[in-house]
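Colleague: I have this one open on my screen now. Could you walk me through the sheets first, and then a pocket?

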Amino acid sequence: MKNPYLPYPVRIIDVITETEDKNLKTFKLEFINPSDEDEFKYHPGQFAELSVAGKGEIPIGIASSPTEKGFLMFTINKVGLVTSHLHNMKPGEIMGVRGPLGNWYPWERMEGKNIVIVGGGFAFTTLRSSIVYMLHPDNRKKFGDITVVYGARSPGMLLYREELAEWERRDDIKMHITVDATKDPDWKYNVGFVPAITKEKAPGAENALALVCGPPIMIRFTQPVLSELGFTPEQIIMSLEMRMKCGIGICGRCNIGKELVCKDGPVFTLEQLNRMPKEY
């Protein structure tokens with residue numbers, strides 16, 4: 001039996017600075033042992049623990065899709081000791097990945113449904129994994145209409161800008177990009193907060209599910225908008241990333257009542273969250 005605390009060794013193959021403040025970088029990683037990639041089978045919505053020897057480990061949502069072979073991708077916010085060290089690492093250096101961990105979006109339930117994705121800021125990472133997964137030629141026909149509302153504070157804070165442009169050119173996904181504010185005279189997308197744009201652009205709830213991931217304030221004001229559009233709590237699926245430490249339900253750092261976010265989540269329906277203590 002594999003030690004659940006033992007990470008897979010991986011090599012950094014690329015580092016992409018995503019945002020104008022340089023605090024968000026995307027790391028592409030390859031397994032040093034090819035057989036480890038076969039063992040690391042994951043679903044969009046899961047996370048992993050990234051580790052650096054002597055510095056510690058952190059839980060990060062997986063930004064790549066299982067349909068993307070040969071690498072894992074994580075977008076990392078520079079907020080502490082481990083993430084600051086990671087931001088100074090270069091291609092060719094070695095680190096660890098432990099996982100995959102947690103549950104995932106309910107893909108079997110999502111098949112045949114229209115999918116509304118609502119994301120904000122840094123939390124768009126696991127939603128990126130989900131979009132790439134659904135748009136793969138082997139999977140696209142399994143889902144109905146795909147509508148995405150994605151927002152950031154400013155144009156320079158948007159993630160994955162080349163992919164956003166690529167998705168916007170497709171005719172099988174509806175992209176609604178927005179920023180809180182901008183002075184860019186050439187900005188051609190929306191200006192406004194994510195909940196307001198969701199209310200304006202998102203379709204109704206008939207035969208649909210909504211995936212929501214973003215800052216707490218965005219989530220708080222998006223929930224009533226989706227309710228107005230007819231989404232029931234069972235149709236709203238959220239991903240929490242709070243206080244996780246061990247990732248396998250042992251340390252108890254991420255409990256909400258009797259639920260452990262790292263093991264029972266991070267994906268929950270709003271109906272499930274409504275039955276939990278309001279600690280998230």
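**Sheets, a helix and a pocket**

Modeller: One open sheet has seven strands in the order β10-β9-β8-β7-β11-β12-β15, and its pairing is mixed; strands here are DSSP runs of E with at least two residues, helices are runs of H or I with at least four, both numbered from the N terminus, and two strands pair if DSSP finds at least two bridges between them. The edge strands are β10 (190-191) and β15 (267-269), each of which pairs on one side only. This is a predicted model, in which local features need pLDDT of at least 70 and side-chain atom pairs count only at pLDDT 80 or more, while totals for chains, interfaces and linings use all residues. Residues are numbered from 1 along each chain as its sequence is written, and side-chain values use heavy atoms, with hydrogens and water left out.

Colleague: Which strands does α7 touch when it packs on that sheet?

Modeller: Helix α7 touches β7 (114-120), β11 (208-213) and β12 (236-239), where contact means heavy atoms within 4.5 Å. Its direction makes about 165° with that of β11, the axes being lines fitted to C-alpha atoms, for helices over the stretch in contact, and the angles running from 0 to 180 degrees between N-to-C directions.

Colleague: And how many residues of β11 are buried?

Modeller: Six of its six residues are buried, meaning under 20% relative accessible area, with exposed over 50% and partly exposed in between (1.4 Å probe, protein chains only). A208, A210 and V212 point one way from β11, whereas L209, L211 and C213 point the other way.

Colleague: In which sense do β7 and β11 pair?

Modeller: They pair in the parallel sense over six bridges, and V118 stands opposite V212 in β11. Strands β11 and β12 also pair in the parallel sense, over three bridges, with A210 opposite I236 in β12.

Colleague: Back to α7: why does V225 count as buried?

Modeller: V225, which sits in helix α7, counts as buried because its relative accessibility is 8%. V225 touches P195, T198 and K199, leaving aside residues up to four places away in sequence. The C-alpha atoms of V225 and E200 are separated by 9.6 Å, although these residues are 25 apart along the chain.

Colleague: Now the second largest pocket: which elements supply at least two residues each of its lining?

Modeller: These are β8 (146-152), α6 (194-201) and α7 (216-228), and α7 gives the most, with three residues. The lining has 20 residues, of which G120, G121, R153, D180 and P215 lie nearest the centre of the pocket. On a 1 Å grid over the protein atoms alone, a pocket is an open set of points where a 1.4 Å probe fits, with protein on both sides within 12 Å along at least five of seven lines, and lining residues have an atom within 4 Å of a point.

Colleague: What is its volume?

Modeller: About 390 Å³, taken as the space filled by probe spheres set on the points.

Colleague: Last topic: what is the strand order in the six-strand sheet?

Modeller: That open sheet runs β4-β3-β6-β1-β2-β5 with antiparallel pairing, and its edge strands are β4 (56-61) and β5 (72-77). Six bridges join β3 (residues 47-52) to β4, and E49 stands opposite P59 in β4. S51 lies in β3 and is buried, with a relative accessible area of 13%.
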